[in-house]
Amino acid sequence: MTDPGVPVAAAPDAPPPRVSYLVFRLERRIRACLDEALARHGVTTTEYMALSELRLRDAPSSADLARIAFVTPQAMNLVIRDLEQRGLIRRDPHPRGGRALRTRLTPKGLSTLRRCDRSLDSIEAVMLAEIDDPDRVTLAETLKLCAQALHSDTRALTPVLRPQKPPPSPWP
């Protein structure tokens, strides 16, 4: 049985790992560290993403928050309800009326978010310890470009389907 902590040597003729695979592995490791760190503050990763976005944008809709956090609008509604019950956010009627509510951080929410940010700072410090400042800037810019490339035209990801002849009928 192999030890999961010991890397397994790749076959000599194996191709290098795909960039998307490396990004996925990194994301999974970051997520595990983040989940653990945020739990100490009583916050989930999805809640942290929503709180962070509320700090950046003026009253985004719950649908916007759901897209950013990669959850369904229904799931985000539950997150928002929980954050509101805990006093981390408040929702006010939209000035133009209607059913829309404007969601904003409360002082308690901002304080919680800052504590969570310090935990994320610690995770990033460990992750980036061996990377110098110019390479950190390059890494961040490159990751942004990659995300923009996939976001701007997802049609490029859809394979072109060519019409095919139906298989011959087995019946005369």
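## Close-up views of a predicted model

**View 1. Arg115 sits in helix H5, which spans residues 107-127.** Welcome to this predicted model. Our opening stop, Arg115, joins Lys108, Arg114 and Arg118 in forming a positive surface patch. How accessible is Arg115? Its relative accessibility is 33%, so Arg115 counts as partly exposed, the class between buried, under 20%, and exposed, over 50%.

**View 2. The whole chain contains six helices and two strands.** Let us step back for a moment to see the setting. If you follow the sequence along, the elements come in the pattern α-α-α-α-β-β-α-α. Of the 172 residues in the chain, 23% are buried. The accessible surface amounts to about 13500 Å², and carbon and sulfur atoms hold 60% of that area. Among contacts with a separation of 6 or more, 42% join residues that are 24 or more positions apart.

**View 3. Val19, Val23, Leu139 and Leu143 make a nonpolar surface patch.** This patch covers about 340 Å². Which helices supply its residues? Helix H1 (19-39) and helix H6 (133-152) each give at least two residues to the nonpolar patch. Take Leu143 as an example: this residue is placed in helix H6. Leu143 has a relative accessible area of 43% and is therefore partly exposed.

**View 4. Helix H3, residues 62-69, has buried residues at Asp64, Leu65, Ala66 and Ala69.** What do the buried residues of H3 pack against? Their partners are helix H2 (45-56) and helix H4 (73-85). A general point helps when looking along a helix: an α-helix has 3.6 residues a turn, so residues three or four places apart point the same way. Just after H3 comes Phe70, a residue with a positive phi, near 60°.

**View 5. Thr46 is a residue of helix H2.** Is Thr46 buried or exposed? Thr46 counts as buried because its relative accessibility is 15%, and the cut-off for buried is under 20%. Now look at its surroundings, setting aside the neighbours within four places in sequence: Thr46 is in contact with Arg31, Ala69, Val71, Met76 and Val79. One of these partners, Ala69, may be familiar from the previous view, as one of the buried residues in helix H3.

Note on methods: Residues are numbered from 1 along each chain as its sequence is written. This is a predicted model: local features need pLDDT of at least 70, side-chain atom pairs count only at pLDDT 80 or more; totals for chains, interfaces and linings use all residues. Side-chain values use heavy atoms; hydrogens and water are left out. Patches are made of residues with over 30% relative accessible area and no salt bridge: like charges are joined within 9 Å, nonpolar side chains (Val, Leu, Ile, Met, Phe, Trp, Tyr) within 5 Å. Accessible areas come from the Shrake-Rupley method with a 1.4 Å probe; for residues, only the protein chains shown count as cover. A salt bridge is a side-chain nitrogen of Lys or Arg within 4 Å of a carboxyl oxygen of Asp or Glu. Lys and Arg count as positive and Asp and Glu as negative; His and the chain ends are not counted. The place of a charge is taken as NZ of Lys, CZ of Arg, CG of Asp or CD of Glu. Helices (H or I, at least four residues) and strands (E, at least two) are DSSP runs, numbered from the N terminus. Buried means under 20% relative accessible area, exposed over 50%, partly exposed in between (1.4 Å probe, protein chains only). Contact means heavy atoms within 4.5 Å.
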